[in-house]
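Colleague: Could you take me through one part of this model closely? I would like to hear about a pocket and what lines it.

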Amino acid sequence: MTNAEQVLAAQKASVETLFTLTQKAFEGVEKLVELNLQVAKASLGEVAEHTKASMSVKDAQELLALNTALLQPAAEKAAAYSRSVYDIVSATGTEVSKLAEGQVADAQKKFASMVDTAAKNAPAGSENAVALVKSAIAAATNAVESVQKAAKQAAEVTEANLQALSATAAKATAAVKPAARRG
């Protein structure tokens, strides 16, 4: 394969990858929009029901009980919403990362192959330049791996924080229910 054919093949692969990544990103956005529409619709219905119930209240104690009953599931709903958003973003990010990692690995292999070919055909005395290029490739590979590890660690921390939030919301809801019953 000539250099021009290699360049065209690489550009074609890059464009295909770009379109695939764009499609995955739009799928993630579509899921987020769908989730937000569901939440908005449910919230609107709940507000309408609460407003109707508030208008039929006879005293302050009944209003307090009604408002407490409304607040009980709010923490659970907020935690569930956050979890759903995280799941969508995480799944989209995972798909994009897999595609990107595959492309980076493939590009690294092709570039290393090109450097090896160039090194074989290089004039005498260019060994230092070839060694410098190979060293730069190794450094770039290490940097990419470090970024990937950091991203995975950040995802794990986010996951742990969401689990803690869910647990806190469940405890808060459990604490509110007995207080509401006493009222």
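Modeller: Happy to; here is a close look at the second largest pocket. This is a predicted model, in which local features need pLDDT of at least 70, side-chain atom pairs count only at pLDDT 80 or more, and totals for chains, interfaces and linings use all residues. Residues are numbered from 1 along each chain as its sequence is written, and side-chain values use heavy atoms, with hydrogens and water left out.

The second largest pocket has a volume of about 370 Å³. A pocket here is an open set of points on a 1 Å grid over the protein atoms alone, where a 1.4 Å probe fits, with protein on both sides within 12 Å along at least five of seven lines; the volume is the space filled by probe spheres set on the points, which are joined across faces, edges and corners. Its lining has 15 residues, and Gly93, Thr94, Ser97, Lys152 and Ala155 are the closest to the pocket centre. To count as lining, a residue has an atom within 4 Å of a point.

Two helices, H2 (60-121) and H3 (127-182), each give the lining at least two residues, helices being DSSP runs of H or I with at least four residues, numbered from the N terminus. The largest share, ten residues, comes from H2. By type, the lining divides into six nonpolar, six polar and three charged residues; Ala, Val, Leu, Ile, Met, Phe, Trp, Tyr, Cys and Pro count as nonpolar, Asp, Glu, Lys and Arg as charged, and the others, Gly among them, as polar.
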